[in-house]
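Open the model in a viewer and keep the sequence panel visible. The tour goes through charged side-chain pairs and then through nonpolar cores.

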Amino acid sequence: MDPNNPNKEFRSTPEYAEYQRDNFWADNEGRVPPLNTHPDKLEERAKEKLTEGGWYYASSNAGLSTTHLANRQAFYRHRIIPRMLVDTNKRDTAWEIWGHKTSAPVGFAPIGINKIYHHLGELPVATVAKELNLPYCLSTAGSTPIEKVGAANGEGPRFYQLYMPHDDELTVSLLRRALDSGFTACILTVDTWQLGWRHDDVANSNYAFYHGIGHDLGLSDPVFQKRLAEDGIDPDKDPNRAGAKWIDNVWHGRAHSWEKMPWLIKTWKEMSGGKPFAVKGIQSVADARKCVEIGCDGIVVSNHAGRQVDGAVASLDALEQIVDAVGDKIYIMFDSGVRGASDVFKALALGAKFVFVGRLWVWGLSIMGELGVRHVMKGLLADLDILLNVAGYQNIGQIQGNREALESLPKAYSLIQERAKI
């Protein structure tokens, strides 16, 4: 925390650990930290702030939430082995992904319909991502036009997460808009042909798109505007039907298959001049190998944070197996269940090269908008910086792929009788 620490001389990134000092010192200047960054406290406060529908959509998981719980339990079976008397005065959290030098191996996961969490939608999130120099990933289910998000993100590194329509002209239009707006990679999500059965959302007819909320990204697309006109739908007079048509074009029961992938990869590569293409939602070794075979640049090992397949394998367990199978052949990223710096550490040590975080910043956005997102993510960076310091690691390269940094216990998950809070 010492602002005169010589560590600054060796870093290419800010000394995020000082954010701890700033919060400790705040009371001396009549300030208070914006909010408690403990995940449980964030979740509780977000529930207080959000509408009932906003809370249900943010918190709901598929079925009985057993995949969500498995995600967290998988982290618990791995333990970090701290090393002592390492010169961590010379440390740095810097990392690189696809040519972008970033502040840490951490990015903003793609999450849709941000306007149900804050009236400015994705804009505050993209703004903070730029400030912190962390990659921002915009969801096709986002509630703000692609162009406005790109402008808010400025010179920040950003990727476009594609939900591929069953309308090739619309797909091409979305990708073209993303490229024109400075997005430098395409990440196709493949686990959401239809929403998982989420009890609270279903019981409350809680789906923003069907109620005319959150479809501005679609409404601003020229091809989709043509489709609305062809069906005689006026989005101003009938926003519910317009929202339903948009999201029904993007998912809802119609699946793509591997046969479609060569066309998509070729289209993206030709349009972008060879920019990276990745697939998100991979959980099996067989699918990871298939991604290598068809020429993907990367994969995101993810189970959609437990929101799609109930009773599925924990994403962290899938990561281990996939890294063992194809870790030397493709750029492997990870998400699902990350709640703090130790989780980031464990995913990296198990072989991930990059980690995406979702619900943490969603809760921050829900509570305090841009200020909440900034505080949560600066806190995560401080947590990671401090973890390197106290655990005896000088840089991310010493962690990534280093399974000797962990004590890993056998898989042994308790029988879940009801949704436990963990």
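Is arginine 31 buried, partly exposed or exposed? Select arginine 31: its relative accessible area is 32%, so it is partly exposed. Keep in mind throughout that this is a predicted model.

**Stop 1: aspartate 22 and arginine 31**

Add aspartate 22 to the selection. Its side chain forms a salt bridge with that of arginine 31, with 3.3 Å from N to O. Aspartate 22 has a relative accessibility of 34%, so this residue also counts as partly exposed.

**Stop 2: glutamate 131 and arginine 374**

Next, select glutamate 131 and arginine 374, whose side chains meet in a salt bridge at 2.8 Å, N to O. This pair connects distant parts of the chain: glutamate 131 belongs to helix 5 (residues 123-132) and arginine 374 to helix 16 (residues 359-391), with the two positions 243 residues apart in numbering. Glutamate 131 is partly exposed because its relative accessible area, 46%, lies between the 20% and 50% cut-offs.

**Stop 3: lysine 245 and aspartate 231**

Move to lysine 245 and display aspartate 231 with it. The two side chains form a salt bridge of 2.8 Å, N to O. Here too, distant parts of the chain are linked: lysine 245 is in helix 11 (residues 239-250), while aspartate 231 is in the loop between helix 10 (222-230) and helix 11, and the two are 14 residues apart. Which of the categories applies to lysine 245 at 18% relative accessibility? Lysine 245 counts as buried, because 18% is under the 20% cut-off. Its partner, aspartate 231, is partly exposed at a relative accessible area of 43%.

**Stop 4: a salt-bridge network**

Select Lys8, Arg11, Glu15, Glu18, Arg91 and Asp385 together. Salt bridges with shared partners join these residues into one network. Over the whole structure, a search finds 31 salt bridges.

**Stop 5: the nonpolar cores**

Now hide the charged side chains and turn to the largest nonpolar core, which has 111 residues. Select Phe108, Tyr160, Leu319, Ile322, Phe334 and Met377, the members that touch the most other members. Which helix gives this core its largest share? Helix 16 does, with 15 residues.

Center the view on methionine 377. Leaving aside residues up to four places away in sequence, methionine 377 touches Val106, Phe108, Leu132, Leu134 and Trp361.

For the last selection, pick Ala185, Ile187, Tyr331 and Met333. They are among the 12 residues of a second, separate core.

Technical notes: Residues numbered from 1 in each chain as written. Predicted model: local features only at pLDDT ≥ 70, side-chain atom pairs only at ≥ 80, totals over all residues. Heavy atoms only, no water. Salt bridge = Lys/Arg side-chain N within 4 Å of Asp/Glu carboxyl O. Buried < 20%, exposed > 50% of the residue type's maximum accessible area, 1.4 Å probe, protein only. Helix = DSSP H or I, 4+ residues; strand = E, 2+ residues; numbered from the N terminus. Core = buried A, V, L, I, M, F, W, Y, C linked by side-chain atoms within 4.5 Å. Contact = heavy atoms within 4.5 Å.
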